[in-house]
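Welcome, and thank you for opening the viewer. Let's walk through this structure together, one selection after another.

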Amino acid sequence: RRMGWQTKNKAVLIDGKRLIVPLYSDGFSFSLMAITDNDGATWQFSEPLVGAGNIQPSIARRADGALVAYMRDNGPPPQRLHVSTSTDGGLTWSTVHDSDLPNPGSGADLVTLRNGHWVLAYNDTEKGRHSLAVSLSTDDGKTWSHTRHLEHAETAEGTPSAAYPSIIQASDGGLHVVYSQHGEAGKTIKHARFSEQWIMAK
């Protein structure tokens with residue numbers, strides 16, 4: 001069941017033409033992109049994103065047009081979101097390296113807002129899924145100036161876990177995150193709606 005290629009995070013549309021679907025392999029423990037320029041009639045694939053244990057990529061776009069992929073860390077310490085950059089529309093990618101963002105080996109998702117800002121939904125710990133955050137970058141991921149929590153506990157002991165977020169921006173500008181939560185009451189899917197201003201308010 002660990003064979004083949006899977007997708008977790010959403011596809012991205014570049015300039016209204018190129019659709020990029022992020023893929024990953026649990027067996028190989030690395031990522032690549034499926035790309036179509038003709039509405040899915042034909043597909044091509046990027047070179048693999050090479051690094052130690054990068055999976056479940058999510059893509060943002062910089063102001064200069066370059067693409068940046070953040071990935072779950074299934075590799076050795078330090079526990080950080082992995083990152084890679086493409087300057088040719090997703091066909092080739094830089095060597096994967098650790099970012100400054102913590103990751104306990106869990107999924108994350110990223111959205112580029114219509115104003116060019118980025119919002120990242122992720123577990124902001126090195127161990128455990130007891131804290132789920134959204135962070136805002138206004139400078140193409142160089143810094144993450146604002147963070148607020150959708151779920152947070154001081155320790156992982158005896159607390160619900162929140163993970164596998166998916167984030168989008170709606171037509172009205174609002175941000176929506178859905179994520180799984182596991183606790184004593186069982187398992188559920190939660191939905192949070194908020195604005196960019198809500199993230200910046202703290």
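**First stop: a buried pair**

Select Tyr70 and Trp118 to begin: both are buried. Keep in mind as you look around that this is a predicted model.

How are the two rings of Tyr70 and Trp118 arranged? They form an edge-to-face aromatic pair, with 6.5 Å from centre to centre and 80 degrees between the planes. Now colour the strands that carry them: Tyr70 is in strand 6 (residues 67-73) and Trp118 is in strand 10 (residues 118-123). The pair links distant parts of the chain, 48 residues apart.

**Second stop: the sheet around Tyr70**

Stay with Tyr70 and look across to strand 7, where Val83 stands opposite Tyr70. Select the whole of strand 7 (residues 80-86) next: five bridges join strand 6 to strand 7, and the two run antiparallel.

Widen the selection to strands 5, 6, 7 and 8. These four strands form an open sheet in the order 5-6-7-8, with antiparallel pairing. Which strands are at the edges? They are strand 5 (54-61) and strand 8 (97-102), and each of them pairs on one side only. Turn the view a little to see how the strands cross: neighbouring strands of this sheet are turned by 35 degrees against each other on average, direction ignored. As background, the strands of a sheet pair through backbone hydrogen bonds, either parallel or antiparallel.

**Third stop: from strand 7 to a loop**

Select Arg80 together with Glu126. Their side chains meet in a salt bridge, at 2.5 Å from N to O. Arg80 lies in strand 7 and Glu126 in the loop between strand 10 and strand 11 (131-137), so the pair ties together parts that are 46 residues apart in sequence. Show the surface for a moment: Glu126 is partly exposed, with a relative accessible area of 45%, and Arg80 is also partly exposed, at 21%.

**Fourth stop: another four-stranded sheet**

Next, select strands 1 to 4. Here is an open sheet of four strands in the order 1-2-3-4, with antiparallel pairing. The edge strands are strand 1 (12-14) and strand 4 (44-45), each pairing on one side only.

How many bridges join strand 2 to strand 3? There are seven, and strand 3 (residues 30-36) runs antiparallel to strand 2. For one facing pair, pick Ser25, which stands opposite Phe30 in strand 3.

**Fifth stop: aromatic rings by strand 3**

Keep Phe30 selected and add Trp5 and Phe28: the three form one aromatic cluster. A search of the whole structure finds seven aromatic pairs. One of them is Phe28 with Phe30, a stacked pair with 5.6 Å from centre to centre and 20 degrees between the planes. Are these two residues buried or exposed? Phe28 is exposed, with a relative accessible area of 57%, whereas Phe30 counts as partly exposed at 23%.

**Sixth stop: a nonpolar patch**

Switch on the surface again and select Leu13, Leu19, Trp43 and Phe45. They form a nonpolar patch on the surface, with about 400 Å² of accessible area together. Leu19 is in strand 2 (residues 18-25). This leucine, Leu19, is partly exposed, with a relative accessible area of 31%.

**Seventh stop: two more salt bridges**

The structure holds seven salt bridges. Among them is the one between Arg18 and Asp37, whose side chains meet at 2.7 Å, N to O. Arg18 lies in strand 2 and Asp37 in the loop between strand 3 and strand 4, so the pair ties together parts that are 19 residues apart in sequence. Arg18 is buried, with a relative accessible area of 16%, while Asp37 is partly exposed, at 29%.

For the last selection, take Arg193 and Asp172. Their side chains meet in a salt bridge of 2.9 Å, N to O. Where do the two residues sit? Arg193 is in strand 15 (residues 186-194), and Asp172 is in the loop between strand 13 (161-169) and strand 14 (175-183). The pair links distant parts of the chain, 21 residues apart. Asp172 is exposed, with a relative accessible area of 54%.

How values were computed:
Residues are numbered from 1 along each chain as its sequence is written. This is a predicted model: local features need pLDDT of at least 70, side-chain atom pairs count only at pLDDT 80 or more; totals for chains, interfaces and linings use all residues. Side-chain values use heavy atoms; hydrogens and water are left out. Rings of Phe, Tyr and Trp (its six-membered ring) pair if their centres lie within 6.5 Å; planes under 30 degrees apart count as stacked, over 60 as edge-to-face and the rest as tilted. Buried means under 20% relative accessible area, exposed over 50%, partly exposed in between (1.4 Å probe, protein chains only). Two strands pair if DSSP finds at least two bridges between them. Axes are lines fitted to C-alpha atoms, for helices over the stretch in contact, and angles run from 0 to 180 degrees between N-to-C directions. Patches are made of residues with over 30% relative accessible area and no salt bridge: like charges are joined within 9 Å, nonpolar side chains (Val, Leu, Ile, Met, Phe, Trp, Tyr) within 5 Å. Accessible areas come from the Shrake-Rupley method with a 1.4 Å probe; for residues, only the protein chains shown count as cover. A salt bridge is a side-chain nitrogen of Lys or Arg within 4 Å of a carboxyl oxygen of Asp or Glu.
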